[in-house]
Amino acid sequence: MRCFIAIDLPLEIKSLLYNLQHKIGGEYAKIKWVEKKNLHKTLKFLGEIDEEKLNLVKKALNEIKFKRFEANLNKIGWFPNDHRINVIWVGLKPEKNILELHGDIELKLASLFENDERFSVHITLGRVKHVKNKEKFLNLLKSIKVNSEKFVIDEVCLFRSILSKDGPKYDILERCHPS
């Protein structure tokens with residue numbers, strides 16, 4: 001089964017991100033938006049794993065020691081650069097707490113998976129398929145301000161991802177809470 005470890009976001013944050021998607025719209029670019037219900041912060045993508053590995057992942061996750069912390073949305077950004085926009089994202093602060101959590105997960109799963117060298121603290125809003133007017137699109141992205149109340153991160157979830165022609169469907173297989 002296809003799995004990943006992530007922070008599931010509170011409904012009010014998902015709603016705020018959904019509203020940002022609508023502010024960006026599709027006038028200057030064709031974008032495949034992440035569905036509101038699927039918005040999350042990936043901490044580690046695991047890929048296809050069997051039942052035996054799944055049980056080892058669950059055990060390792062439950063050994064992670066972390067404290068609940070507050071976070072807030074930061075700014076809109078894009079990958080890889082201004083010349084080629086493939087992904088639109090929103091940053092999270094404080095990065096330090098999320099990087100520490102990611103590092104702990106990497107350590108606990110080091111014997112099962114390769115280290116993720118490219119980890120960054122962001123939530124993907126959408127994948128850009130085609131830009132119609134790059135200058136106007138960049139100006140729009142740069143003009144949007146992200147205002148977010150603080151929210152509490154108090155669990156890490158193991159998700160299963162089922163791919164279909166209608167888009168991915170995510171199921172939570174395990175919830176891990178602060179120690």
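Here are some questions and answers about the pocket, a buried residue and the core of this predicted model.

This is a predicted model, where local features need pLDDT of at least 70, side-chain atom pairs count only at pLDDT 80 or more, and totals for chains, interfaces and linings use all residues. Residues are numbered from 1 along each chain as its sequence is written, and side-chain values use heavy atoms, leaving out hydrogens and water.

Q: Which strand gives the largest share of the lining of the largest pocket?
A: A pocket is an open set of points on a 1 Å grid over the protein atoms alone, where a 1.4 Å probe fits, with protein on both sides within 12 Å along at least five of seven lines; lining residues have an atom within 4 Å of a point. Among the elements giving two or more residues to this lining are S1 (2–8) and S6 (122–131); strands are DSSP runs (E, at least two residues). The largest share, six residues, comes from S3.

Q: Is Glu106 buried or exposed?
A: Buried means under 20% relative accessible area and exposed over 50%, with partly exposed in between (1.4 Å probe, protein chains only). Glu106 has a relative accessible area of 8%, so this residue is buried.

Q: Which strand gives the largest share of the largest nonpolar core?
A: A nonpolar core is a set of buried Ala, Val, Leu, Ile, Met, Phe, Trp, Tyr and Cys residues joined through side-chain atoms within 4.5 Å. The largest one has 51 residues, and Leu17 is one of those with the most contacts inside it. Five residues, the largest share of this core, come from strand S4.

How values were computed. Helix = DSSP H or I, 4+ residues; strand = E, 2+ residues; numbered from the N terminus.
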